[in-house]
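Welcome, and thanks for taking a look at this one with us. Please open the structure below and keep it at hand while you read the briefing.

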Amino acid sequence: MIYTCTLNPSVDYIIQVSEFRAGELNRSENTFYYPGGKGINVSRVLKRLKVENTALGFLGGFTGQFIKNELHAEDIQIDFIEVSGNTRVNVKLKSDSETEINGPGAEVTKEQIQKLYDQIGTLKQGDFLVAAGSTPASVPANFYAEVAKICNENDVPIIVDTSSQALKEILGKRLFLVKPNHHELGELFNTVIGSVDDALAYGKKLLQEGPEHVIVSMGGDGAVFISKDHCFFAKAPEGEVKNTVGAGDSMVAGFLSAYVKENSLENAFKYAVATGSATAFSEDLCTNQDVEELLQRIEMERLD
Ligand SMILES: Nc1ncnc2c1ncn2[C@@H]1O[C@H](COP(=O)(O)OP(=O)(O)OP(=O)(O)O)[C@@H](O)[C@H]1O
Ligand SMILES: O=P(O)(O)OC[C@@]1(O)O[C@H](CO)[C@@H](O)[C@@H]1O
């Protein structure tokens, strides 16, 4: 079974305003509410790609209930730990540019954190864990490192997609995949990643710190895949960009779905880029059909 873990889920409130003016009354043309948070997005895309999975993490209040209802409607298995506050609402303002305001997240107690460690401790060989997104202030900074330790002890491959700060905490642990975007990778090494060559060079540095595979995503400029034996670059296909929120999470879901079905890293990476871009070209997250259609248009080249 694939498990996703979202410590800080969100209701993503999408507001479309054609000409946003700060400091004035704006009226939106459209608003949407989606269950969000990085691990939850991975779960939703995996399900659309016909891969069964279970979503773990913390949920609370009326917003938490909304997320449960939506995941239930999409037939996604969940095993969230209930917290007493409201799960946050993250605002995604779409105008000429995309502006995001992410909330801090609900308070989590020590007992609830322990409960999650215990849940993760039941995962066994053959399972995968995707741990993604920010950690609320009440969760210790070494949470992902602890989770990676538990997974390493039980031979459970773990994929981590989080901020550069949280990523620093887990360097040295055995990780199946990490997927920083080029900004996060730059922050990690105190540099600016401005080209495919930079992404490759610093992705290789990151590989020396423990992960088995690294994907450096670069938005509309595509992505670089780095592993011990193979490095690839894939261009992102052209299309009408509607929503880049969740593109990176879709990429992780695309990679994992193809990897568990075919066990080929090259195809998994191709699938990852197609899935990320398919979401960028959709209002919500992509569908299986979107991904299959884009797959034909992904151009890949070897970098080594
Ligand atoms: N403008 C775009 N055009 C085409 N594809 C895109 C675009 N933006 C993103 N993608 C696709 O999605 C992948 C991941 O995008 P990105 O690097 O923005 O991830 P991210 O920063 O982790 O995103 P998020 O945190 O919002 O989920 C890219 O490698 C690419 O395949
Ligand atoms: O605040 P975090 O946890 O870093 O990111 C949360 C978030 O921006 O990430 C997802 C897109 O990747 C959204 O669904 C969600 O609102």
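In which sense do strand β10 and strand β11 pair, and over how many bridges? The two strands, residues 158-161 and residues 175-178, pair in the parallel sense over two bridges. Please keep in mind that this is a predicted model. The points below start from this pair of strands and then move on to the whole chain and the two ligands.

**Around β11**

- Within the pairing of β10 and β11, Ile159 stands opposite Leu177 in β11.
- The link between these two strands runs through helix α5, residues 164-170, and together β10, α5 and β11 make a right-handed β-α-β unit.
- β11 also pairs with strand β12, residues 211-217, again in the parallel sense, and here there are three bridges.
- In that second pairing, Leu175 stands opposite Pro211 in β12.
- If you follow side chains along these strands, a general rule may help: in a regular strand they alternate between the two faces of the sheet.

**The chain as a whole**

- The protein chain has ten helices and 15 strands.
- For a chain of 304 residues, a compact globule would have a radius of gyration near 19 Å, and the protein chain agrees with this because its value is 18 Å.
- Taken along the principal axes, the C-alpha atoms fill a box of roughly 50 × 45 × 40 Å.
- Of the 304 residues in the protein chain, 48% are buried.

**The annotated domain**

- An unreviewed UniProt entry lists residues 8-285 as "domain: Carbohydrate kinase PfkB".
- Over residues 8-285 the chain is 38% helix and 24% strand, and the end C-alpha atoms of this stretch are 19 Å apart.

**Ligand 1**

- Ligand 1 is surrounded by 20 residues, and the closest are Ser217, Gly220, Ala247, Gly248 and Gly276.
- Two elements give two or more residues each to this shell, namely α8 (247-262) and α9 (265-280).
- By class, the shell around ligand 1 holds nine nonpolar residues, ten polar residues and one charged residue.

**Ligand 2**

- Around ligand 2 there are 15 residues, with Gly36, Asn90, Asn102, Gly133 and Ser134 the closest.
- The elements that give two or more residues to the shell around ligand 2 are β2 (10-16), α1 (38-48) and α8.
- Helix α8 is thus a place to look for both ligands, being listed for the shell around ligand 1 and for the shell around ligand 2.
- The shell around ligand 2 divides into one nonpolar, eleven polar and three charged residues.

Methods
Residues are numbered from 1 along each chain as its sequence is written. Chains are lettered from A and ligands numbered from 1 in the order in which they are written. This is a predicted model: local features need pLDDT of at least 70, side-chain atom pairs count only at pLDDT 80 or more; totals for chains, interfaces and linings use all residues. A residue is near a molecule or strand if its C-beta atom, placed from the backbone, lies within 6 Å of it. Helices (H or I, at least four residues) and strands (E, at least two) are DSSP runs, numbered from the N terminus. Ala, Val, Leu, Ile, Met, Phe, Trp, Tyr, Cys and Pro count as nonpolar, Asp, Glu, Lys and Arg as charged, and the others, Gly among them, as polar. UniProt positions are given in the numbering used here, feature names are shortened, and annotations may be inferred rather than shown by experiment. Two strands pair if DSSP finds at least two bridges between them. A crossover is right-handed if, with the strands pointing away from the viewer, the path from the first strand over the helix to the second runs clockwise. The radius of gyration is taken over C-alpha atoms; the globule rule is 2.2 Å times the number of residues to the power 0.38. A residue is buried if 20 or more other C-beta atoms lie within 10 Å of its own, exposed if 12 or fewer, and partly exposed in between; C-beta atoms are placed from the backbone.
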